[in-house]
Amino acid sequence: MRLLIRPAFYKFVCLLLLVTVHWVPVWADTINITPKHPIQLAEYSQLEYMLDPSGKMAFPEVENSTAFQKLQKQIPNFGLTKDAIWLRLTVRNNTSRPELMFNVTYPILDLIDLYYPDQHNRYQVIPGGELRPFKNRPVNHQNFVYNINIPPGESQTFYVRIQSREAILIPIYIGTARETYKKLYNDDLLLSIYIGIILVMIFYNTFIFFSVKDWSYFYYILYIASVGLAQICLHGFGYRFFWHENLYITEQSVLWAGALSGISVLIFVQSFLHVREKAPWAYRILTLFVIVYSSTIVLSLLGFFSVAYALIDFLAITGVSFILLFAIMQAVKHSRTAKIFVLAWTIFILAIICFVLKDVGIIPYNIFTSHIIVIGSAIEVILLSFALADKINTFKAEKEASQAIALEISKENEQLVKEQNIILEAKVQERTEELQNSNRDLNIALTNLKDTQTRLVEKEKMASLGQLTAGIAHEINNPINFVTSNIKPLKLDIADLKDLLTRYDQLAGSTDISKDLKSIEQFKKEIDIDYIHEEISSLIKGIEDGAARTAEIVKGLRTFSRLDESEVKSIDIHEGIDSTLVLLRNGIPPHVSIIKNYAELPKIECYAGKVNQVFMNIFSNSLNAIKSKKEQHNESISITTGQENGFITIRIKDTGIGMSEAVQQKIFDPFFTTKDVGEGTGLGLSIVFSIIEKHRGKIIVNSTPGEGAEFIIYLPLNIVNH
């Protein structure tokens, strides 16, 4: 209470102040500690303050300064400022004991120094603050608590210097040790109860989360954990019990906790009120708030504490307002969850409003208003837990209602089934007869299809056999013709020789041997005996060549067919390729070159006849592709062999018309052909694919229209072990 000074004594009092400035300062209202009022809050004009923008004023300069002003509100509240704050207060001890205590109950001030007079009336300083070693504190507590000694019946003036990057709020209690410790105990008890509520809510909602797997509970757990952490940091519990040795965490913890609590509440609201589904525009705004909140952590790490704190204050006001407005909009739409949320959120906002009004002096500062946010936060947490529980009850009621509807529908269906049974039995009988008839028709169709398929396969075999037979006939016909054409002149020559021998035989009974010899010589000249000898040698050689050529063709046919090798055999793959080319030689145009690039390969185990059939079909397709070109020049079919990772590779590349991507996708399908109707069955490459698959190999085709095609065949070296 401000002292009333009568105008008559004004000059006297001023003179007295000047005289006793160093002994009993009375320029501010004195704080009286009495047995009836053993603890007092320093408020209003009991405090004087002075701002030090430079932060470098020495204490003697401060002590003699006339710039102190009386405090016009209940407790000092300077918000965010870089100035150093000096406070001056006078305390009178009207108790019987000199031991009093000085208690500043705002534990997140960076620097706070208490200047007190000693026995010789010289001022000493007790340094303190959040950024100074915790072990040097006179009292082991998160608040700034100092022991002061004032002889009973006397007054002393104290100075306090404060500097902090956070908002500066300086509630100061002066009182006896008993009452001070009682207040500290009550404050700690209240905060401990709050922490207990937070932990209970975390464990309770964690249990429910693992039971129902609803992610709203998970986000709510993050929310209450971060809000609890924020209160622990703001009230100094974290600094006191966990990280008072770590200066970096001490500097950052309050801002981090505030940002995390803002982010977690935004994420929780998005999930709890189903913002994304109900209002995408609101979801985008809340996401923007999350991003800006995250930026405050970055600003804090970069050292821009004042900007970060100001931004968090702005986000808190705008974010809370937007969340409340959106929740009210949803509650108006008869959302039960939103109504409970609005109730919980309104209580929390009222608590914040009371806290702010307390700071600006509109409502008094006391134990209730100083802890109003903790109380409001605890009530909000409990109500939101009820809201989540109600959400489960709502889901349960909806499930029960849906089960009741399903049961009713089931009964109706059961009755309907009973009524329809007779009709269904008749229809089932009728349908059974139809299915039996259809099954009979399908069996007939399947039999016809198998017959058709068998005929097509036989047709493909006969076509291949016809092509093979034509090639063999032409190949054998040439050497046989050669032999046949040589037989007639050989007979004539042999007849001449027989006549000559007959004439020699007749010499035995001749009477005129010389005349007969002349006649024989004349006959030799007529038949040209030397030419006959040469001609006979030539004709015999021609017959030998024709016979050898025929034997070669027969050998190639034997190698190709491998009729005596129906089991897996080790063969030379090059031998199979060459025998196939021998049989196809008649169908290879003169302008088509066969280019062979054979590598040194081991023998492989395979079904030789079937592998040769693969070569026959691919070579035939390549020749057809070349013959289909409108303009043909120097065409070729190149054959390249090699070995890769336990496989041998055969690459057969032609310079034919090629094929499109769509054709490549279908060339191995049965009955697919690009030839005109009647010219092909479409089974050739399908059979090739089946043979390669049987050998546990693979075949790849690469082709571009107009640029030919390449078939790459992979066959394992050992079909049994592969």
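**Exercise 1. Determine the handedness with which helix 6 passes helix 9, and describe their packing.**

Solution. Helix 6 passes helix 9 in a left-handed crossing; a crossing is called left-handed if the near helix is turned anticlockwise from the far one by less than a right angle, and right-handed if clockwise. The model is a predicted one, in which local features need pLDDT of at least 70, side-chain atom pairs count only at pLDDT 80 or more, and totals for chains, interfaces and linings use all residues. Residues are numbered from 1 along each chain as its sequence is written, and side-chain values use heavy atoms, with hydrogens and water left out.

Step 1. Locate the elements. Helix 6 covers residues 247-272 and helix 9 covers residues 305-332. Helices (H or I, at least four residues) and strands (E, at least two) are DSSP runs, numbered from the N terminus.

Step 2. State the geometry. The two helices pack at an angle of about 25 degrees, and their axes are 11 Å apart. Axes are lines fitted to C-alpha atoms, for helices over the stretch in contact, and angles run from 0 to 180 degrees between N-to-C directions. Helix 6 and helix 9 are therefore roughly parallel, a term for angles under 35 degrees (over 145 is roughly antiparallel, 65 to 115 roughly perpendicular, the rest oblique).

Step 3. List the contact. Helix 6 contributes Glu251, Gln252, Val254, Leu255, Ala259, Leu266 and Val269, and helix 9 contributes Phe305, Ala308, Tyr309, Ile312 and Ile323. Contact means heavy atoms within 4.5 Å.

**Exercise 2. Establish how strand 3 is enclosed and with which strands it pairs.**

Solution. Step 1. Of the six residues of strand 3 (residues 47-52), five are buried, so the strand is largely enclosed by the rest of the structure. Buried means under 20% relative accessible area, exposed over 50%, and partly exposed in between (1.4 Å probe, protein chains only).

Step 2. Strand 3 runs antiparallel to strand 6 (residues 84-93), joined by six bridges; aspartate 52 lies opposite alanine 84 of strand 6. Two strands pair if DSSP finds at least two bridges between them.

Step 3. Two bridges connect strand 3 with strand 4 (residues 69-70), again in the antiparallel sense. Tyrosine 49 has glutamine 69 of strand 4 as its bridge partner.

**Exercise 3. Reconstruct the open sheet of four strands.**

Solution. Step 1. The order is 2-13-7-10, with antiparallel pairing. Strand 2 (39-41) and strand 10 are the edge strands, each pairing on one side only.

Step 2. Strand 2 is joined to strand 13 by three bridges, and glutamine 40 is partnered by isoleucine 174 of strand 13.

Step 3. Strand 7 (residues 99-104) has five of its six residues buried. Five bridges link strand 7 to strand 13 (residues 172-176), and six link strand 7 to strand 10 (residues 144-149). Phenylalanine 102 has tyrosine 146 of strand 10 as its bridge partner.

**Exercise 4. Reconstruct the open sheet of five strands and identify the helix that packs on it.**

Solution. Step 1. The order is 15-17-18-20-19, with mixed pairing. Strand 15 (592-597) and strand 19 (698-703) each have a single partner strand, so one side of each is left without a neighbour in the sheet.

Step 2. Eight bridges join the antiparallel strands 17 (residues 635-644) and 18 (residues 647-654).

Step 3. Helix 15 (residues 573-584) packs on the sheet and touches strand 15, strand 17, strand 18 and strand 20 (709-716). The direction of helix 15 makes about 165 degrees with that of strand 17.
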